[in-house]
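Trainee: I would like to learn how to read the features of a model such as this one. Could we start with charged side chains?

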Amino acid sequence: MSVSSPPQKDIQESPEAGFGKRPLGKRLIEANTFWIGLVLLALVILFSAIAPDSFPTLFTFQTLFIESSVLLILSVGMTFVIITSGIDLSVGSVLILAGMVAGKVMEALSGGDASKAGWGVILVGLVVAVVTGTIWGLINGVLVAVAKIPALIVTLGTMGAALATAYLLNGGSDLRTVPAELTKTLGYGTSFGIVPNLVIVAIVITVIGAWLLRTTKFGRYTFAVGSNAEGARRAGIGVTAHLLKVYTLTGFLAGIAGFLSLAYYNSTTISGHTTDNLNAIAAVVMGGTSLFGGVGTILGTVIGVFIPAVLRKGFNIIHVQDFWQMFIVSWVLVAAVWFDQRRRRRRNSR
């Protein structure tokens with residue numbers, strides 16, 4: 001006989017389900033988010049002490065948040081995928097493709113030069129970007145969930161296909177005619193005097209993602225599928241349908257990220273996004289989401305996005321070569337996976 005909710009064991013093992021009646025101090029110490037949050041705080045304090053006149057400034061934090069906004073939106077979608085024990089290597093290419101298609105449509109509607117286009121054309125571009133990303137995500141979902149092809153292979157293939165399509169659409173070069181109104185309002189505009197509009201959009205999407213993962217049936221099913229797909233299926237969860245939704249959601253968010261990137265950079269900036277997929281995966285894993293599925297939080301992902309961002313910004317301010325940032329982030333990522341494996345071995349030995 002089937003039931004409408006996933007097995008209780010799977011729910012209880014996820015951080016989103018709570019920690020029972022254990023003391024608050026013990027719960028904090030055992031939470032990955034607590035420790036990575038301390039790492040982020042320590043980095044902010046360290047760079048503030050080293051460069052007190054340059055790092056802890058309003059301009060630094062504004063640019064830090066703006067530069068992290070697009071990656072944060074990608075990482076929210078990646079969190080859902082990795083919790084299901086999947087992977088999506090195509091998000092960076094889908095971002096590029098969505099921005100390119102949106103830009104080409106806005107150009108076509110503006111007679112070849114979209115720089116003076118109004119909000120009617122801009123809204124059409126937004127819809128086109130979102131639809132492009134959503135369709136690509138749905139394709140990934142069909143190949144992974146229905147055709148049963150490993151997610152690594154599927155998204156590796158669609159990564160190359162999306163990037164190649166973006167190049168073909170504009171003759172192998174970046175698109176550079178973006179509506180000035182879009183760049184002025186969304187790319188560089190602010191609200192309440194100091195808060196960049198790009199950051200507001202990223203915050204809203206992140207909060208919605210956290211709510212979806214933590215409080216809804218969709219979130220519970222995501223954890224259940226990642227913890228034990230066969231057990232979830234026997235409990236009455238439509239695993240195939242749910243995976244379709246998760247990959248489609250990831251494509252949808254990549255489409256939004258592509259449009260925001262177009263607004264901020266005033267170009268498709270293809271070369272600047274070719275490693276976004278790996279950066280998103282690294283941020284999610286550093287944030288405590290398990291590559292083996294069933295464990296993860298959006299808050300952890302937010303912290304995971306900002307650890308390398310703070311390192312990059314701090315190193316630039318104190319004039320340290322970029323390769324040190326790459327070196328340190330790489331080892332932090334390895335350490336995150338190691339701690340995750342230790343936690344799983346300890347849990348399984350109980």
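Mentor: Start with a pair in this model, which is a predicted one. The side chains of Glu181 and Lys184 form a salt bridge, with N to O at 3.6 Å.

Trainee: How many residues apart are Glu181 and Lys184 in helix H8?

Mentor: They are three residues apart in H8, which covers residues 180-187, so about one helical turn separates them. Glu181 is partly exposed, because its relative accessible area is 28% and the partly exposed class runs from 20% to 50%. Lys184 counts as exposed, because its relative accessibility is 54%, and exposed means over 50%.

Trainee: How many salt bridges does the structure hold?

Mentor: The structure holds six salt bridges. Two others to look at involve Glu230. Glu230 pairs with Arg233, with the closest N and O atoms 3.1 Å apart, and a salt bridge also links Arg234 to Glu230, where the closest N and O atoms are 3.2 Å apart. Salt bridges that share partners join Glu230, Arg233 and Arg234 into one network.

Trainee: Where do the members of that network lie in the helix?

Mentor: Glu230 and Arg233 are three residues apart in helix H11 (residues 229-234), so they too are separated by about one helical turn. Arg234 and Glu230 are four residues apart in H11, again about one turn of the helix. As for exposure, Glu230 is partly exposed at 38% relative accessible area, Arg233 is partly exposed at 36%, and Arg234 counts as exposed at 65%.

Trainee: Let us move to helix geometry. What should the end-to-end span of helix H6 be, and what is the distance between its end C-alpha atoms?

Mentor: The general idea is to multiply 1.5 Å by one less than the number of residues. Helix H6 (residues 119-146) has 28 residues and should therefore span 40 Å; its end C-alpha atoms are 39 Å apart, which agrees. Just after H6, Lys148 takes a positive phi of about 60 degrees.

Trainee: Why does a positive phi deserve a remark?

Mentor: Most residues other than glycine have a negative phi, so a positive value goes against the usual pattern. Asn266 is another case: it is not a glycine, yet its phi is positive, about 60 degrees. Asn266 sits in the loop between H12 and H13 and is partly exposed, at 32% relative accessibility. Thr269, also a residue other than glycine, has a positive phi near 40 degrees, and Thr269 lies in the loop between H12 and H13.

Trainee: How should I read the interior? Which residues have the most contacts inside the largest nonpolar core?

Mentor: For a core, look at buried nonpolar residues joined through side-chain atoms. The largest nonpolar core here has 95 residues, and Phe80 and Phe259 have the most contacts inside it. Helix H12 (residues 239-265) gives the largest share of this core, 14 residues. Apart from neighbours within four places in sequence, the contacts of Phe259 include Ala102, Met106, Ile122, Leu126, Leu182 and Leu186.

Trainee: Thr289 is in a loop. Is Thr289 buried or exposed?

Mentor: Thr289 is buried, because its relative accessible area is 2% and buried means under 20%. Its loop runs between helix H13 (276-286) and helix H14 (298-317). Leaving aside neighbours within four places in sequence, Thr289 is in contact with residues including Thr79, Ile82, Ile83, Val295 and Thr301.

Trainee: And the surface? Which residues form a nonpolar patch there?

Mentor: The patch consists of Phe323, Trp324, Met326, Phe327, Ile328, Trp331 and Val334, which together have about 750 Å² of accessible area. Met326 is found in helix H15 (residues 322-348) and counts as exposed, at 54% relative accessibility.

Trainee: What does the chain look like as a whole?

Mentor: The protein chain has 15 helices and two strands. Of its 350 residues, 50% count as buried. The accessible surface comes to about 16300 Å², of which 68% belongs to carbon and sulfur atoms. For contacts with a separation of 6 or more, 78% are between residues 24 or more positions apart.

Note on methods. Residues are numbered from 1 along each chain as its sequence is written. This is a predicted model: local features need pLDDT of at least 70, side-chain atom pairs count only at pLDDT 80 or more; totals for chains, interfaces and linings use all residues. Side-chain values use heavy atoms; hydrogens and water are left out. Patches are made of residues with over 30% relative accessible area and no salt bridge: like charges are joined within 9 Å, nonpolar side chains (Val, Leu, Ile, Met, Phe, Trp, Tyr) within 5 Å. Accessible areas come from the Shrake-Rupley method with a 1.4 Å probe; for residues, only the protein chains shown count as cover. A salt bridge is a side-chain nitrogen of Lys or Arg within 4 Å of a carboxyl oxygen of Asp or Glu. Buried means under 20% relative accessible area, exposed over 50%, partly exposed in between (1.4 Å probe, protein chains only). A nonpolar core is a set of buried Ala, Val, Leu, Ile, Met, Phe, Trp, Tyr and Cys residues joined through side-chain atoms within 4.5 Å. Contact means heavy atoms within 4.5 Å.
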